[in-house]
Amino acid sequence: MNETDLRRLSAGADELSAAAAEGLADRAIASRLLDIAVGSVDSPIGRLTVAVTPRGLARLAFEDEDFEGVLAELARVLSPRILRSMSATQSWRRELEEFFDAKRTRFDLPVDRRLIHGLQRDVLNATRRVPYGRVATYGEIAQRIGRPRAARVVGRALGANGSLTGYGGGIERKARLLELEGSLIGL
Amino acid sequence: MIALDDDMAARISREGIGGPAPEPPVEPVRASLPPFQDFVELHRVTVYRFLLVAVGARDADDCFQETFLSALRAYPRLHDGEHLDRWILRIASRKAIDQHRRRAASPEPTAELPVTSADEPPHDGPLDGLLWKAVRGLPPRQRHAVVLRHVLDRSYPDIAEAMGSSEEAARANVYQGVKKLRELIA
């Protein structure tokens, strides 16, 4: 016998460990050890990543966002106990799919707002009262949050990245979403 | 011991041996911990290779998940810069020992752990089958030491750390284990 023969006994560990790791999230949830479950869903505006906590949806990321960076931020701000889990994110993935199939005009599942702060929270609270299929200008939103001259600030808050496209996902995704809601014709 | 897995170790690493540090740490302990998913991706193949040979294919999945559940429980309390590779192997080694005890405690026809085809990892050829049976017949600590040394290529300090033993004991276990395997397989 040669010692190097022993190495062959662990053949197949790559695939087997991937399968065993799949079941890890469910056991972690059953033991109340998982703080954030991450899953993904395909949509007309690209692949979306959802991060769900016991309180609700905490983060939704677009495919061109730095995935590792998004997870690192969640680990830093909320908890490093993060695992991928298709089962734990299933209900949110389903609601998103229904929304993009135009079978749903509002989301029923809870949102974890711990990552939303200050002005952004005020602006999002105002925009979520804009009915499905309707639009409001930044100026109108600024009025509603009691800062009538802060239209540009509102645009930046929605942009999240500081640009004036007015939407964190970029102007093209904004157009696709407006089109989906029937507010923008002829694109 | 470098890895943290209980409050005392956490306190020592916070305060240092010999009492509290004069000032609290500047950053919270978990400030730079990567998401646990990354930790799993980094270590899952190593842990599975160890368990596949240490406990057999039938129990490897369960031991693997138990190992990472224990790690997840302690994870937020870890320091950046811990020897995470040694830490996770140490947990896996403990889970493997627990598994051997459970198997030994269950009513089995012989004192020796029975070798069944369900225990065997996938392998090619009759030689590997013989080798597997020979490895399976080693006492657990010798088997673990041999696996850490010759399947995972770990250093003796690493093996000692993973098994919670001295370096001398690690060397002796590897030596005795390999000697027995050579006697059984020419």
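Which residue just after α6(B) takes a positive phi? I started there. B:Asp153 does, at about 60°. I am working from a predicted model.

**Entry 1: α6 of chain B and what follows**

I looked up helix α6 of chain B, residues 140–151. Mostly covered: 10 of its 12 residues are buried. I listed them: B:Gln142, B:Arg143, B:His144, B:Ala145, B:Val146, B:Val147, B:Leu148, B:Arg149, B:His150 and B:Val151.

Then I stepped past the helix end to B:Asp153. This residue sits in the loop between α6 and α7 (156–163) of chain B. Its phi is positive although it is not a glycine. Most residues other than glycine have a negative phi. I checked the surroundings too: B:Asp153 has 9 C-beta neighbours inside 10 Å, so it counts as exposed.

**Entry 2: a positive phi in chain A**

I noted A:Arg32 next. Its phi is near 55°, again positive in a residue other than glycine. A:Arg32 is found in the loop between α2 and β1 (36–41) of chain A. Buried or exposed? I counted 8 other C-beta atoms within 10 Å, so A:Arg32 is exposed.

**Entry 3: nonpolar cores**

I turned to the largest nonpolar core, which has 74 residues. B:Tyr48, B:Phe50 and B:Leu51 touch the most other members. Helix α2 of chain B (residues 36–55) gives the most to this core, with 11 residues. Apart from it lies another core, of seven residues. Among them are A:Ile141, A:Ala142, A:Ala150 and A:Val154.

I followed up on B:Leu51. Leaving out residues up to four places away in sequence, B:Leu51 touches B:Ala60, B:Cys63, B:Phe64, B:Ala92 and B:Ala96.

**Entry 4: where chain A meets chain B**

I counted the contact between chains. 34 residues of chain A are in contact with 37 residues of chain B. On the chain A side, α1 (13–22), α2 (24–30), α3 (67–77) and β4 (82–84) each supply at least two residues. The largest share comes from α1(A), with six residues. I sorted the chain A side by class: 19 nonpolar, six polar and nine charged residues.

**Entry 5: α1 of chain A**

Given that share, I looked at α1(A) itself. Its buried residues are A:Ala13, A:Leu16, A:Ser17, A:Ala20 and A:Ala21. They cover an arc of only 135° around the axis, so they lie on the same side of α1(A). What do they pack against? I found α2 of chain A, together with α2 and α3 (57–74) of chain B. The face turned away from the buried side carries the exposed residues A:Asp14, A:Glu15 and A:Ala19.

**Entry 6: chain A as a whole**

I tallied eight helices and four strands in chain A. From the N terminus on, I read the order as α-α-β-β-β-α-β-α-α-α-α-α. Why is chain A more spread out than a compact globule? Its radius of gyration is 21 Å, well over the 16 Å that the globule rule gives for 187 residues, so chain A is more spread out. The C-alpha trace spans about 80 × 35 × 30 Å along its principal axes.

Buried residues make up 27% of the 187 residues in chain A. I also took the contacts with a separation of 6 or more: residues 24 or more positions apart account for 50% of them.

**Entry 7: the domains of chain A**

I looked up the domain assignment of chain A. It gives domain 1 (18–115) and domain 2 (116–187). The centres of these two domains are separated by 23 Å, taken over C-alpha atoms. Nine residues of domain 1 are in contact with eight residues of domain 2. The domain 1 side of that contact has six nonpolar, one polar and two charged residues.

**Entry 8: B:Ile185**

Last stop: B:Ile185, in the segment after α8 (167–184) of chain B. It has 15 other C-beta atoms within 10 Å, so B:Ile185 is partly exposed. Which residues does B:Ile185 touch? Not counting residues up to four places away in sequence, I found A:Met1, B:Leu130, B:Leu131 and B:Ala134. B:Ala134 is 51 residues from B:Ile185 along the chain, and their C-alpha atoms are separated by 7.9 Å.

Conventions
Residues numbered from 1 in each chain as written. Chains lettered and ligands numbered in written order. Predicted model: local features only at pLDDT ≥ 70, side-chain atom pairs only at ≥ 80, totals over all residues. Buried ≥ 20, exposed ≤ 12 C-beta atoms within 10 Å, placed from the backbone. Core = buried A, V, L, I, M, F, W, Y, C linked by C-beta atoms within 7 Å. Contact = placed C-beta atoms within 7 Å. Nonpolar A, V, L, I, M, F, W, Y, C, P; charged D, E, K, R; others polar. Domains from an automatic or database assignment. Rg over C-alpha atoms; globule rule 2.2 N^0.38 Å. Arc of directions from axis to C-beta.
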